[in-house]
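Thank you all for coming; I would like to take a few minutes on one model, which is on the screen now.

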Amino acid sequence: MERHFRSILIVLGLLLLQTAFVPLLSLGGMVPDLLLIWVVYAALRRGQIEATIAGFLVGLLQDLVSIQLFGLAALSKTIAGFLAGYFYNENKTDQTLGTYRFLLVVGLCSLGHNIPYFMIFFQGSDASPALATMQYTLATTAYTIAISALPMFAFSRRLAT
Amino acid sequence: MLERLYNLFLQFREYVLLAGLVVLSFILLSLNDRPQVKQIRTFATVAMGVVQNQLSFIPRYFQLKGENEALRRVNVELADEASRLREAKLENMRLRSLLGLKADSDMPLVAANVVSKNLTLLRNSLTLDAGTADGIQPSMPVLSELGLVGVVIATSENYSIANILWNTDFRASAKVQRSRVDGILAWDGQKLILKNIAKTLDVKAGDVLVTSDYSNTYPPDIRIGIISSVREEAGSLFREVVVTPSVDFVRLEQVFVLTAVPDSERVDLETRVIQMLNP
């Protein structure tokens, strides 16, 4: 119960950061996705089922406070949580979190998140949906991987001590 | 049987959960336009906004210097632009007095500015700054230099409301300029359609559409738009003909109201025939 309550507080804090401060870090309109990084962390810590549910709920929360399509973030974060769950191994959690493997997992899940997200997002727009999806997917994935290095270094220091 | 199903479910529970949540997400996507969803989102956005407002001083502090420089630059540019705009205004006033469309046209036209517009509803309209004091009455057509805009539906002394082509109540008798095929122009909420076009009629994408001779409201040969697509409808005798209007309603700022009154003899005769056929 305490663990869930702590998770809720962390998610709300990350949601606040994502909506209020992360746009200040925007590069060419692209921003990293902090909530996705948390979903991957939850998957590596707790397994596929919890991560899938967490992804859905986190995405739903994000949809509530954004002006984009309601349900879109829920869909894509559900997929991301499910994909991240494949890398769950209770014996190697700390090793995964504190090494470059974490960046690889974040990258893969970010692709799994961004492809359906932008494919649906750009439907009906004047720009070519396929090209726009590819551009935004690759750029956002790269930025999210870069930002996920920060928690990775934090975990690796904790592992070293 | 049930036990087997249960074991199957346990074996693939992650996939079952994924499928269930994906389906739920698609259901939520389909509910986007529901008022209840919008209300919940509004509440959540407002709540988040209140919290963000309390913390907004943090990014503001870091942004101040850059913001200051940007504002000074903008200030200089705006002062220069204001000076150029004053000159442009004077030139505009001179050119308006020489306005070609009104001078060349045989039709009695009253110029009006668009002071308000609705473009996102099912019944879209414009508010014009000309009314009965300028000789405008309901059912008078509204035009621009690019073509047909709509029809006046209500007037006050100094203002009028006009339904535009993007209005589900709008109807106009139209014809294809090239092949002289007639149809009825209407808006279905998403696109302009030329209705009653049988599959045997000669209509192609790229054809220009104008008002026809059969309308009491609109004079003939006023440009309406271009046919953008012609699609065969399965199980129907008719085609779906989609029209792109010539007028850009988003950028529309000035219009003309045609203050000619329809031929009263024709209107009376047609009204009497309708009453005769529908006692």
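I will go through the interface, then the pocket, then the salt bridges.

A word on conventions before that: this is a predicted model, in which local features need pLDDT of at least 70 and side-chain atom pairs count only at pLDDT 80 or more, while totals for chains, interfaces and linings use all residues. Residues are numbered from 1 along each chain as its sequence is written, chains are lettered from A in the order in which they are written, and side-chain values use heavy atoms, with hydrogens and water left out.

Turning to the interface, 25 residues of chain B are in contact with 29 residues of chain A, where contact means heavy atoms within 4.5 Å. The two chains bury about 2,300 Å² between them, 79% of it on carbon and sulfur atoms; buried area is the accessible area (1.4 Å probe) lost on putting two parts together, summed over both. On the chain B side, helices H2 (13-30), H3 (35-55) and H4 (57-97) each supply at least two of the touching residues, and H2(B) gives the most, with twelve. That side of chain B has 17 nonpolar, five polar and three charged residues.

What is the volume of the largest pocket? The value is about 650 Å³, and the lining comprises 24 residues, of which Gln18(A), Val31(A), Gln62(A), Gln68(A) and Tyr117(A) lie nearest the centre. The largest share of that lining, five residues, comes from H6(A), and helix H6 spans 100-121.

Finally, the salt bridges, each a side-chain nitrogen of Lys or Arg within 4 Å of a carboxyl oxygen of Asp or Glu. There are eleven over all chains, yet the rule finds zero across the interface of chain B and chain A. One of the eleven joins Lys77(A) and Asp33(A), with the closest N and O atoms 2.8 Å apart. This pair links distant parts of the chain, since Lys77(A) lies in helix H4 and Asp33(A) in the loop between H1 and helix H2 (34-46) of chain A, 44 residues apart.

Key. Helices (H or I, at least four residues) and strands (E, at least two) are DSSP runs, numbered from the N terminus. Ala, Val, Leu, Ile, Met, Phe, Trp, Tyr, Cys and Pro count as nonpolar, Asp, Glu, Lys and Arg as charged, and the others, Gly among them, as polar. On a 1 Å grid over the protein atoms alone, a cavity is a set of points where a 1.4 Å probe fits but cannot get out, and a pocket is an open set with protein on both sides within 12 Å along at least five of seven lines; lining residues have an atom within 4 Å of a point. Grid points are joined across faces, edges and corners, and a volume is the space filled by probe spheres set on the points.
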